Amino acid sequence: AAPGEDSRALYVADAVEEAARLDDASFQSVLFPGSLRTFAGFDFSATFSASKPPAGGLEALQTQIGFTVGALRSAERMHLSTPQGTDPAHMHLRWLPCAGDAGNHTVCVDAVDSLAAGVPTCLRRAASVQRCLRVRVNPDPAPRFLTGEGQTPTEPIEVVMGQTVALPVVAVDDNCMDTVALSLHPDTAAAGAALGEGELVAVEEGGVALPCRALRRVLTWTPSTSQGGMVGELCVAATDTGGNGRCKGQLPHTTLHCVGVRVRRCEYALQYDQELQQLAGMFGTDWMRLWSLNPDLMHPDFLVLGNADATIHVGHLMVAAEGEEPAKLAARMGMPLAQLQLLNHDLDVTQPIPPGATICVMPNSCEGKAGSAFRQDYADPSFARDPPQ
């Protein structure tokens with residue numbers, strides 16, 4: 001203010017994303033035509049404060065500071081407190097914007113005072129320069145998954161039975177006032193997957209730090225002995241709160257992310273301290289058949305462990321011919337139908353096997369049929385002739 005003029009300083013404390021007074025640069029950025037962002041369904045608050053001049057003849061006089069406010073839109077959900085304090089004086093604004101309030105809203109305020117008795121009439125009242133705070137209300141966004149190195153995977157994965165996979169899952173809500181929860185899709189939970197404990201982490205996207213922290217959890221899954229041949233997805237849901245629940249019709253948002261997964265047939269990842277005898281019981285067979293399927297094992301009682309990629313064959317791959325039926329195939333291989341189902345997660349034992357489909361079998365030479373479906377009898381009489389003299 002020019003020398004000799006009375007003035008009142010008006011500042012705004014931001015209580016939306018940081019409970020701290022804005023500095024001068026930030027303060028100017030939220031004044032009209034700048035704006036302060038908030039989201040539908042979440043409480044917004046701001047504080048207007050005014051004080052008397054730091055120097056001058058009026059400084060020692062009794063001063064009562066108040067405020068005048070311009071017309072308010074959405075007044076049914078916007079509340080202004082009575083002024084509190086004398087120097088400085090504060091007025092608090094509280095507002096719950098809902099979905100119908102999306103857009104820009106402006107609140108204009110100036111500080112006015114009333115001086116003590118005996119002060120010349122011309123100086124009885126003074127007012128500050130009017131300040132206008134513009135608030136931009138955005139629709140509440142749905143949470144999203146962050147992908148990239150060290151974050152949520154997008155490419156399909158291939159594993160073997162008994163091999164544990166650990167997949168990081170990272171989700172963020174661009175509304176920093178909202179909270180994100182991660183949960184397994186029911187089908188993924190039924191497949192045996194689990195989510196580890198969550199942690200809030202600072203994240204970047206495209207090399208730029210995001211203002212909101214993300215929730216990170218690790219999905220772990222170990223395909224069981226009955227999931228060989230499984231082709232499916234591991235799915236995680238990210239759900240936000242949808243607001244404080246006081247805006248009619250505003251509900252939580254859920255975003256689903258799935259990763260394709262394929263479990264190789266006839267292969268099992270060796271676990272620590274496992275032997276053929278134990279593995280045989282898991283797959284409904286005996287150690288001799290398992291040993292015969294793994295010629296690289298030089299002794300049936302000793303398995304070389306400690307290699308994270310070590311696998312063992314638990315069956316033989318074959319390609320189904322035209323008209324192949326599960327029950328007849330199992331009988332031919334000398335194996336129970338239940339064992340054929342165990343080795344092939346996607347096999348419907350009540351339907352013919354599609355021609356060309358790859359399946360896993362475990363032949364039993366003692367129980368199977370030695371004859372082939374392509375057997376041919378040769379009746380060449382020359383085989384019966386006496387040998388030449």
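Which residues line the second largest cavity? I would like to begin there, bearing in mind that what we are looking at is a predicted model, and then move on to the other enclosed space.

The lining of the second largest cavity is made up of Phe-44, Met-78, Leu-93, Trp-95, His-105, Val-107, Leu-133 and Val-135, and the volume that these residues enclose comes to about 30 Å³. If we ask about their chemical character, seven of the lining residues are nonpolar and one is polar, while none is charged. In terms of secondary structure, at least two lining residues come from each of three strands, namely β7, which spans 89-95, β8, which spans 103-115, and β10, which spans 131-138.

Taking the structure as a whole, there are two cavities of 30 Å³ or more, and the largest of them has a volume of about 70 Å³. Around the largest cavity we find Thr-152 and Pro-153, then Leu-167, Pro-168 and Val-169, and further along the chain Leu-219, Leu-234, Val-236, His-257 and Val-259.

Which strand gives the most to that lining? For the largest cavity the answer is β13, with three residues, and β13, covering 165-172, is one of three strands that each supply at least two lining residues, the others being β20 at 231-239 and β21 at 254-269. As to composition, the lining of the largest cavity holds eight nonpolar residues and two polar ones, with no charged residue among them.

To put the two linings side by side, then, charged residues are absent from that of the largest cavity and absent from that of the second largest cavity.

Notes:
Residues are numbered from 1 along each chain as its sequence is written. This is a predicted model: local features need pLDDT of at least 70, side-chain atom pairs count only at pLDDT 80 or more; totals for chains, interfaces and linings use all residues. Side-chain values use heavy atoms; hydrogens and water are left out. On a 1 Å grid over the protein atoms alone, a cavity is a set of points where a 1.4 Å probe fits but cannot get out, and a pocket is an open set with protein on both sides within 12 Å along at least five of seven lines; lining residues have an atom within 4 Å of a point. Grid points are joined across faces, edges and corners, and a volume is the space filled by probe spheres set on the points. Helices (H or I, at least four residues) and strands (E, at least two) are DSSP runs, numbered from the N terminus. Ala, Val, Leu, Ile, Met, Phe, Trp, Tyr, Cys and Pro count as nonpolar, Asp, Glu, Lys and Arg as charged, and the others, Gly among them, as polar.
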